Structure formats: structure tokens, C-alpha cells
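Thanks for sending this one over. Here are my notes, set out point by point so you can follow along with the coordinates open.

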Amino acid sequence: MSGDNILTVEHLTMRFGGIVAVNDLSFGAGHRKITALIGPNGAGKTTVFNCITGFYKPTGGALRLRRDGDAEIALERLNDFRISKQAKVARTFQNIRLFPGMTALENLMVAQHNALMQASGFTFLGLIGAPGYRAAEKRAIDLAKFWLERIGLIDRADDAAGNLPYGDQRRLEIARAMCTEPTLLCLDEPAAGLNARESAALSELLLSIRGEQGASILLIEHDMSVVMEISDHVVVMDYGVKIAEGTPGNVRDDPKVIAAYLGADEEEAIAVMESGS
Amino acid sequence: MSVSAPDKKLATSGPGIPFILKKAFISAAVALVLFSLMIGIRTEAGPTGQLIYWTRFGDLALLVGAVFGGSIVIELFRQWLGPADMGQLIPPSVQGGLTIAGRFVAPALLIFTLLVPVIFYNQRYILDLAILVLTYVMLGWGLNVVVGLAGLLDLGYVAFYAVGAYSYALLATNFGLSFWVCLPLAGLLASLWGVMLGFPVLRLRGDYLAIVTLAFGEIIRLVIINWQSLTGGPNGVSGIPRPTLFGIPLTPGDDGLAAKLGIEFSPTHRIVFLFYLILALALLTNWVTIRLRRLPIGRAWEALREDEVACRALGINTTTTKLTAFATGAMFGGFAGAFFATRQGFISPESFTFQESALVLAIVVLGGMGSQLGVALAALAMIGGFELFRGLEQYRMLVFGIAMVLLMIWRPRGLIGHRAPTVYLKQAQAISSDLVKEGHG
Amino acid sequence: MDYFAQQLINGLVLGSIYGLIAIGYTMVYGIVGMINFAHGDIFMIGGFIALISFLVLVSFGLTAIPVILLIVLLVSMAITALYGWTVERIAYRPLRHSFRLAPMLSAIGMSFVLSNYSQVAQGARVKPVPPIITGGYTLHEGAGGFVVQLSNVQIVVVLTTIVLLLVFTWLVARTRLGRDMRACEQDQTMAALLGVDVDRTISMTFVIGAALAAVAGMMYLLYYGLVDFYMGFVAGIKAFTAAVLGGIGSLPGAMLGGLAIGLIETLWSAYFSVEYKDVAAFSILIVVLIFLPTGLLGRPEVEKV
């Protein structure tokens with residue numbers, strides 16, 4: 001029901017030349033819920049993300065964002081950076097996009113750019129060292145410290161982001177997204193390349209983000225342990241269309257979903273399931 | 001990997017004499033073909049206008065022999081060094097010492113610079129050279145904002161220099177405005193032009209950005225040459241007034257500064273004044289840049305260089321970020337241009353060619369992009385070095401070009417191989433240049 | 001109308017010369033991603049070599065123009081190709097895996113070296129030659145007395161360009177080298193893993209680019225009757241502009257861009273002003289790039305997010 005949803009995707013279509021990457025996709029992401037978008041490779045999941053976060057302009061359909069008490073925002077009409085700035089939608093990337101030549105702390109400071117720009121009077125107040133700006137900068141550093149502690153990287157705050165181990169980089173990217181204080185956090189394969197222990201830590205982090213920060217989370221993921229453990233709602237895509245939707249349990253047993261992942265026929269999947277093997 | 005004590009066994013320990021000789025022969029053969037016509041034969045327009053030529057086989061043989069010998073020397077040198085690369089020429093113990101000493105280089109250099117007019121008071125040549133070096137240091141710092149911090153490849157920086165110079169020149173000669181009034185105006189006009197440059201290049205990447213900035217530089221130069229009614233064309237603008245110390249001219253007369261101070265007038269006064277003027281302007285550029293780096297706009301510039309897509313995802317307006325980078329860099333270029341005009345008293349389009357843009361870019365890249373100290377050292381090395389080569393006359397540009405190539409091969413990421421973070425919790429750790437991106441425009 | 005037709009012819013001829021140089025720029029950019037600033041000066045060296053070999057041949061008593069021209073063509077292509085090879089070996093190969101600006105600055109340095117080298121070696125003054133190919137055809141005599149002419153030189157330039165383009169297109173599409181070049185353009189590492197000699201392929205790219213530039217230099221000499229050490233820089237910028245206009249990395253784009261720049265330059269000089277012809281060319285480049293950020297025939301880059 002759209003009333004409870006922070007994000008409502010309606011008949012989203014994305015065409016690249018002759019290829020239809022996403023075809024008439026509709027689903028909702030609940031308020032303060034974790035929604036997972038899963039499906040085999042090439043199903044169009046990252047394309048959906050790119051449409052939501054403004055990197056592609058959808059060929060058709062609507063993307064409605066409704067925050068607490070606010071009016072609805074039509075995401076498909078906003079330009080890329082405005083989606084983060086005004087609609088408060090943050091994202092991470094499939095291939096980590098940190099600022100490798102900057103320290104972990106600096107990465108988190110860049111995320112607070114807009115707040116700091118305002119406080120610095122668009123630089124001029126900052127240039128003359130006005131106290132208002134210095135207080136804002138201190139607040140920003142405190143927020144960065146908070147997140148660094150949260151992800152266990154406070155001791156590596158001054159290390160170059162490019163030097164951090166892979167798992168730390170993934171978490172840093174999430175922390176950086178959270179420093180923009182978003183209401184909707186879109187994560188593109190946050191568990192990719194993580195081992196079991198790191199995946200568990202990630203699940204815990206995401207659950208606490210949902211609980212403490214009250215952010216809604218939309219994530220693309222292949223790691224089923226993470227998906228099953230933390231998702232409130234799962235949407236399954238294949239070849240650009242939605243093939244199933246529901247709770248993790250429902251989706252896991254859906255023969256269409258199994259068929260899509262196995263590359264098999266739906267009938268074969270049902271047969272396999274019924275034979276109990 | 002450190003270099004152990006050099007093994008002086010030379011040819012017997014490496015691939016051996018036959019290999020070296022073979023390489024030398026090939027190099028000499030290539031040289032022979034390359035130089036055969038260009039060196040071996042010398043053409044010239046003859047007395048009756050048609051082309052005549054004569055041979056210089058002696059010179060040709062000499063050069064080919066030099067290539068042969070040089071090739072042997074280089075091969076021996078390479079073997080003597082062992083498998084370590086050129087960057088490891090300095091043993092680690094010395095390197096450690098250098099890093100500690102490095103912290104004192106900047107302040108020491110500054111103190112020395114402040115005292116230059118005192119030390120070299122009677123050597124007009126040195127003072128002029130120092131003024132020239134400082135002008136390029138300022139230009140380098142200005143371009144550093146665009147190329148080094150924001151990662152936007154600007155090949156036409158000379159355009160802003162020209163706008164600044166001509167703005168002051170024309171405002172001063174046509175409206176009689178003083179230098180101090182024109183200086184901010186020159187900066188303003190230059191940064192307006194920077195914003196105008198910024199708009200078309202917003203969507204361009206890397207090399208497309210480069211050629212458009214180059215085109216802008218050339219357009220400015222061509223307009224200056226051809227709009228004769230405004231700019232005087234190839235004849236330039238002359239009679240540009242010299243700067244005054246807030247209205248008091250530096251002339252020998254009774255209203256001059258010397259008379260007011262009660263000291264004897266000397267033409268060196270004006271040179272010293274100009275020196276401190278450019279030093280002040282350069283230090284202003286430096287101070288503003290360092291402060292901006294610590295402000296959100298500076299961090300946004302560097303983030304833009306690192307990853308533009310991530311910037312957009314964080315809500316940063318990359319359009320305004322790019323435009324402010326261009327505008328700021330242009331403004332400093334404009335200031336430098338105004339200074340140039342007042343120092344020379346005369347400007348012409350010949351001073352604003354692509355070679356100037358290339359030179360400033362070389363200074364920024366050689367300095368180690370984004371490093372203020374590096375840019376200053378690079379300017380000193382290149383401009384100072386260029387002056388040193390003055391004795392070589394026509395071979396000067398040749399040696400300069402070779403030096404550029406060699407420097408790039410030796411230190412592709414510049415003299416200063418690291419970046420200093422702008423904010424830290426416990427300790428500022430220098431970030432190696434290998435991690436820092438160069439930007440994709 | 002006749003005047004226009006004449007300008008059209010002139011523009012296309014000039015554009016062919018630019019196109020030949022532009023192909024070298026775009027090939028190198030496609031395969032190693034660098035702007036070869038020294039390429040314009042390679043064109044200049046090609047012109048000089050053509051001039052000198054021509055002088056030497058004439059002084060040996062050869063009089064058959066076609067024979068002389070053929071020998072000059074081959075000699076200047078060969079020697080200039082060696083220049084291109086040498087420049088790549090010395091100044092670019094050590095920097096191949098470095099970051100983008102280092103080879104660009106090395107190229108700028110190399111450009112200074114080459115233009116200064118020819119200045120030192122041959123003197124700073126312009127070298128004129130009497131017209132080598134003379135005569136032509138009158139295409140049309142207009143009512144106002146204006147004669148539309150097509151000179152033999154112009155025919156030679158255009159024909160040579162067409163032949164070279166055909167040979168070159170065949171080379172890229174059909175030969176092993178061409179395949180290797182295309183492979184290296186797309187993915188150098190993978191090509192190396194599959195057995196392509198990447199170093200040699202890149203060297204050959206520079207060599208071919210230099211050879212084409214040499215032809216352009218010789219055509220320039222025939223068409224304008226002079227060479228000077230500065231011509232490389234000016235022509236280089238214009239040819240580079242042409243390559244970008246056409247879409248850098250695209251071979252037909254380079255030729256198209258070259259023709260476009262040649263036409264713009266000629267038509268603007270004819271109808272508006274000679275002084276601002278270069279401003280016109282650059283301005284059109286900027287306008288095109290505003291609407292087509294990757295040039296006329298360039299492949300639009302879709303950034304993978």
C-alpha cells in the first residue's frame with residue numbers, strides 16, 4: 001500500500017536504444033523497512049537503482065518518494081545531485097567509489113558538503129574564520145567520528161581510503177552515505193566479496209541503521225544469507241520484469257524464483273520441489 | 001627495494017659486451033637514418049631566392065658517433081644501477097633525513113625569498129629573475145587549483161593571464177585608473193572569462209576538455225592580435241603606468257617616495273617594490289588556496305578529481321564546483337597578468353602563446369599536482385633552469401624540451417610525491433601519490 | 001556560385017591534408033589514450049625531409065617529375081616513420097603505465113625538441129621551393145569572368161589522400177596488424193594475454209601515423225611551396241581540433257573533421273575575414289562539443305555507474 005511506502009515505483013521502464021532493461025516494474029519500499037531487490041545477473045537491478053538515484057532518466061513510469069509528513073517528490077524529474085541533496089536519497093555502488101586519495105575522515109567530511117557549505121556562507125564566512133562555521137565544522141567532525149566508531153574504523157580515520165582493506169572500504173562507503181543523513185539508503189551489493197563474518201557484521205550494521213537512524217533501506221544483493229536475515233520485503237526481478245514479491249520466506253519457496261536462478265523451467269522447478277530433493 | 005652498494009663489475013656481470021655493442025650499433029644506425037637528411041644536408045634560401053644546399057657530413061658523423069658512445073654509456077650506467085628503478089637513486093637513510101628536513105624547506109624558502117632583495121640589492125639581473133620566478137610561481141599556484149585540486153585539464157591558462165594583463169593595460173591607459181583599482185577588476189574580468197570557459201566544458205571528459213581549453217586560449221590570443229582598435233593588435237599596448245605605493249610614485253622627483261622618505265633615489269627601488277608586490281600577490285594566492293582546501297569547496301574540488309560520480313551521489317553540485325574551480329584559478333591568473341603588465345610597461349600578444357600555457361602546466365605537473373611547495377620548487381627549477389641555459393642560445397629550447405622529457409620519465413608524479421590531508425583526528429599522514437587520482441576532467 | 005565552388009575545392013584540398021594528420025592523432029589516442037603533442041611536428045619533419053630529398057634528387061640530374069615524386073614520397077614516409085618510432089620509444093613507452101598527464105607533458109617536451117631541432121639543423125628561415133607540379137584544368141568559366149580551376153596539385157593531393165585512406169582502411173579491417181590494433185584499443189591486457197605483441201602494435205600505430213603525417217607534409221610542400229619549422233605547431237593544433245571534432249578514436253571521424261576544418265577555414269577566409277578564420281574553426285568546435293560531447297562520429301561514452 002503506497003500509504004506506508006517511502007518509495008513507490010510505478011510502471012518503471014528503461015530503454016537503451018533497442019534494449020529494454022527494465023519493463024513496467026512496480027513495487028513499493030516500506031517506511032523504515034529493509035527491502036531487498038534480488039535476481040540473477042543482468043536482471044536490471046542496478047538499472048533500477050540508477051533510475052531511482054538519478055543517474056539514468058527513466059524512459060517511462062514514476063518514482064514517488066514520500067517522507068514523513070512531507071509532500072511527495074517525483075524522483076524521475078530530479079537531477080542527480082538533487083536527489084541526494086533535496087530528496088535525501090543516498091546510495092553506494094557495486095564497484096566501491098570511495099575517494100581513494102583522501103583519508104577515511106575526509107571522505108566522511110565530503111559527504112557533509114552541503115551542510116558545511118551553508119554554514120560557511122558559501123565559503124566566504126569560512127574564509128575569514130567566522131565562529132559559526134567553526135562550530136559547524138566541529139559538528140561535522142563529530143558526526144564523522146560517530147560513524148567511524150560505529151563501523152570500527154576510528155583508529156584508521158587518518159589512513160588513506162585507498163589503503164584500507166576491502167571489507168573496511170565497503171563499510172566506509174556505507175558510513176559515508178549515512179553522513180548525508182538520508183531517509184532512504186540504497187545499497188548496491190554491499191555484501192559482495194565479504195566473508196561470512198563480515199557479512200554478519202554488515203547485517204548487524206544495516207539492522208541498526210534501520211532501528212536507530214530510522215532510515216529505510218533498499219538493497220541489491222546476491223548473498224542470500226544477508227537477504228533472508230534482514231529483509232522485511234523482497235522483490236525479485238528477471239530480464240527486467242518483476243517475477244515475485246513478498247516476504248523472504250515466500251520468495252524463497254516460489255518456483256518462479258527458483259527457476260530464474262537455476263536457469264530452468266518453472267515446471268521443472270516445481271517438479272524438483274515436489275519430489276522433495 | 002633499496003639499492004645495495006653498487007656493483008662495479010660492469011660489463012662482466014650483466015648481459016655482456018656483445019649486447020651493449022649491438023644496442024649501440026642499432027642506436028647509431030637509427031641516428032644515422034634520422035640525421036642523414038636533416039643534419040647531413042643544410043638547405044637555405046640562396047641569394048637569388050631559390051633553394052640551395054650544402055653537405056655537412058662531418059657533423060653527421062660526429063653526431064652518429066656521439067649517439068653510439070652515448071648509448072654505450074647509458075647501458076653501462078643502467079647495469080651499474082642494477083635492477084632498481086631510477087626513483088630509488090637515493091638510499092633510504094638519506095631519504096629519511098630528507099623527509100625530516102622537508103618540513104623545514106617551506107619556511108626556510110620563505111625566509112630566504114623575503115631577504116632576496118636585501119641580499120642581492122645591487123644585482124639587477126638576479127632581482128629581475130626573481131620577479132620572473134615569482135610570477136610563474138603565482139601562475140603555477142593559480143593553475144594548481146584547476147588542474148591539481150579539481151583535476152580539470154586546462155591547456156589554455158594563458159588566456160586568463162592575457163585577460164588580466166590587457167584589462168589593466170587598457171583600463172589604465174584609457175581611463176587612468178590606478179593599479180590598485182585595476183587589480184581586483186582584472187581578477188574579476190579574468191574569472192568571468194573563466195566561468196564562460198566553464199560552461200561549454202561541463203559535460204566534457206578528459207581530452208575533449210583539454211582541447212576546448214586550448215581552443216579558448218588560442219581564441220583569446222587571436223582576438224587580441226586582430227582586434228586592433230581595442231588592443232593595438234600585434235603592436236600591443238605601451239606606456240602602461242607603473243604601480244605606486246598607494247598614490248606615491250617611485251620616481252626621482254620631489255613627489256617621489258624617495259624624497260618623502262628622505263633617502264636617495266635609486267632605480268632599484270622600483271624593482272624592489274615590484275619584487276615585494278609579486279611576492280605579496282603570490283603569498284595571497286597561496287594563503288587563499290590553503291584555506292580553501294580546508295573549506296568544503298576545496299574538499300569538493302579534490303573529491304571531484306577523485307570520483308565525480310560519487311560526488312553527485314553525495315549531493316554535490318558538480319556544475320558549480322567545476323565553475324568555481326575555473327573562476328578561482330582564472331582570478332589568480334588575472335592578478336598575475338595585471339602585475340605582468342605593470343612590471344613590463346608594455347604588453348603584446350607574443351607573450352601569451354600556447355607555450356606559456358604548456359610551461360605553467362609543466363610547472364604544476366612537475367611540482368606534484370596539488371602540492372604548493374612542489375609547484376614553487378618546480379617553478380624555480382624550470383624558470384631558473386631556463387635562464388641558466390641562456391648561454392646556449394638557439395639550443396636553449398632543445399635542451400629545455402629534453403629536460404622536460406627526462407623529468408617526466410624520472411618523476412612522472414612530480415617532485416613532491418604525496419598529498420597532505422586537510423583534516424585529521426590524530427595525525428596528518430601523507431598520502432602517497434600512487435593513490436591520488438589525476439581526474440578525468 | 002563559382003566563387004563558392006572554388007572555395008569548396010580549396011577547402012577540401014586543405015581539409016585532406018588536415019585529415020591525414022588528424023588520423024595519426026586519433027589512432028594514437030585510440031590505442032594508448034594520449035594526446036601526441038609532437039605529432040604536428042612530425043608532420044613538419046615530414047615536410048622538411050620531402051624538401052631535402054627533392055633537392056638532392058634534382059641535383060643528381062633526375063628530371064622525371066612522377067619518378068621524383070614517388071621516390072620523395074617513399075623516402076619521406078620511411079624516414080619520418082622512423083622519427084615517429086623513435087619518439088615513441090624514447091619519450092612515451094617508459095610512461096605508458098603512468099598517469100595521464102606525464103606522457104602528455106613528455107609529448108609537449110618532445111614537440112619543443114623537434115621544432116627546435118629543425119630550427120637548429122636547417123635554420124630558422126622559411127624554405128621556399130618553386131612549384132613542382134604545375135598546370136591544371138579550368139572547370140567552369142563564370143559569367144562574371146571568375147574562373148573555377150582545379151589545379152594538378154590539388155588533384156594529386158586528393159588522389160593521394162583517397163588512395164592512402166583506402167589502403168589504411170584495408171589495413172585496419174583486414175590485416176593481422178589491424179586486428180591487433182583494434183584489440184589493443186579495446187583491452188590491452190586481454191590482448192596481451194591472448195598473445196598480441198602490445199609493444200610492437202603500439203609502435204606500429206605510431207609508425208603508421210607518422211607515415212601519414214609525412215605524406216601530409218609532402219602534400220603541404222607541393223601545395224604551398226614552402227616549409228618552416230613553425231608549421232607543425234599550427235597545423236598540429238588544427239588537426240587535433242579536427243580529430244576531436246570528428247570524434248576522437250574514430251578514423252572516419254578524423255577525416256571528416258579534417259575536411260570540416262579545412263572547409264570552415266577556407267570559406268570563412270573567403271567570405272568573412274582571413275584574420276578570424278582560426279577563431280571560427282575553434283568556435284565551431286566548441287559549439288559542436290556542447291551538443292555532441294564526444295564529437296561528430298564519436299562513440300558516446302556511457303559511464304558505468
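What percentage of the 441 residues of chain B count as buried? The figure is 45%. Please keep in mind throughout that this is a predicted model.

1. **Chain B as a whole.** Let me start with the general make-up of this chain. Chain B holds 16 helices and six strands. If you look at its contacts between residues at least 6 apart in sequence, 74% of them join residues at least 24 apart.

2. **Domains of chain B.** The domain assignment splits chain B into domain 1, covering 10–83, and domain 2, covering 116–432. Taken over C-alpha atoms, the centres of domain 1 of chain B and domain 2 of chain B are separated by 40 Å.

3. **Where chain C meets chain B.** Chain C puts 60 residues into this contact, and chain B puts in 48 residues. On the side of chain C that touches chain B, at least two residues each come from α2 (39–59), α3 (65–92), α4 (101–122), β1 (127–128), α9 (231–246) and α11 (277–291) of chain C. The element that gives the most is α4(C), with 16 residues. Sorted by class, this side of chain C has 41 nonpolar, twelve polar and seven charged residues.

4. **Where chain A meets chain B.** Here the contact takes 32 residues from chain A and 33 residues from chain B. The helices α2 (80–85), α3 (104–111), α4 (113–119) and α5 (124–127) of chain A each supply at least two residues of the side that touches chain B. Of these, α3(A) has the largest share, at five residues. The class breakdown for this side of chain A is 13 nonpolar, twelve polar and seven charged residues.

5. **Helix α2 of chain C.** This helix is worth a quick geometry check. At 1.5 Å a residue, the 21 residues of α2(C) should span 30 Å, and its end C-alpha atoms are indeed 30 Å apart, so the two values agree. The helix is mostly covered, with 16 of its 21 residues buried. After α2(C) comes G61(C), which has a positive phi near 100 degrees.

6. **F43 of chain C.** Is this residue of helix α2 of chain C buried or exposed? F43(C) has 31 other C-beta atoms within 10 Å, and therefore counts as buried, the cut-off being 20 or more. Leaving aside residues up to four places away in sequence, F43(C) touches I21(C), A213(C), A216(C), G217(C), G232(C), A235(C) and G236(C). R179(C) makes a useful reference point: F43(C) and R179(C) are 136 residues apart in sequence and 26 Å apart in space, C-alpha to C-alpha.

7. **A sheet in chain A.** Six strands of chain A form an open sheet in the order β6-β7-β8-β3-β9-β10, with mixed pairing. Its edge strands, each pairing on one side only, are β6 (89–91) and β10 (241–246) of chain A. Ignoring direction, neighbouring strands of this sheet are turned by 20 degrees against each other on average. Strand β9 (residues 233–238) of chain A pairs with β10(A) in the antiparallel sense, over five bridges. If you want a pair to look up, V234(A) has G246(A) as its bridge partner in β10(A).

8. **The helix packed on that sheet.** Helix α8 (residues 196–213) of chain A packs on the sheet and touches β3, β7 (184–188) and β8 (216–220) of chain A. The direction of α8 makes about 150 degrees with that of β8(A).

9. **Two backbone angles to look at in chain A.** H11(A) is not a glycine, yet its phi is positive, at about 50 degrees. H11(A) is found in strand β1 (residues 5–16) of chain A. With 12 C-beta neighbours inside 10 Å, H11(A) counts as exposed. R32(A), also a residue other than glycine, has a positive phi near 50 degrees. The place of R32(A) is in the loop between β2 (19–30) and β3 (34–38) of chain A. R32(A) has 16 other C-beta atoms within 10 Å, so it is partly exposed.

Methods:
Residues numbered from 1 in each chain as written. Chains lettered and ligands numbered in written order. Predicted model: local features only at pLDDT ≥ 70, side-chain atom pairs only at ≥ 80, totals over all residues. Domains from an automatic or database assignment. Contact = placed C-beta atoms within 7 Å. Helix = DSSP H or I, 4+ residues; strand = E, 2+ residues; numbered from the N terminus. Nonpolar A, V, L, I, M, F, W, Y, C, P; charged D, E, K, R; others polar. Pairing = 2+ DSSP bridges. Axes fitted to C-alpha atoms, helices over the stretch in contact; angles between N-to-C directions. Expected span 1.5 Å × (residues − 1).
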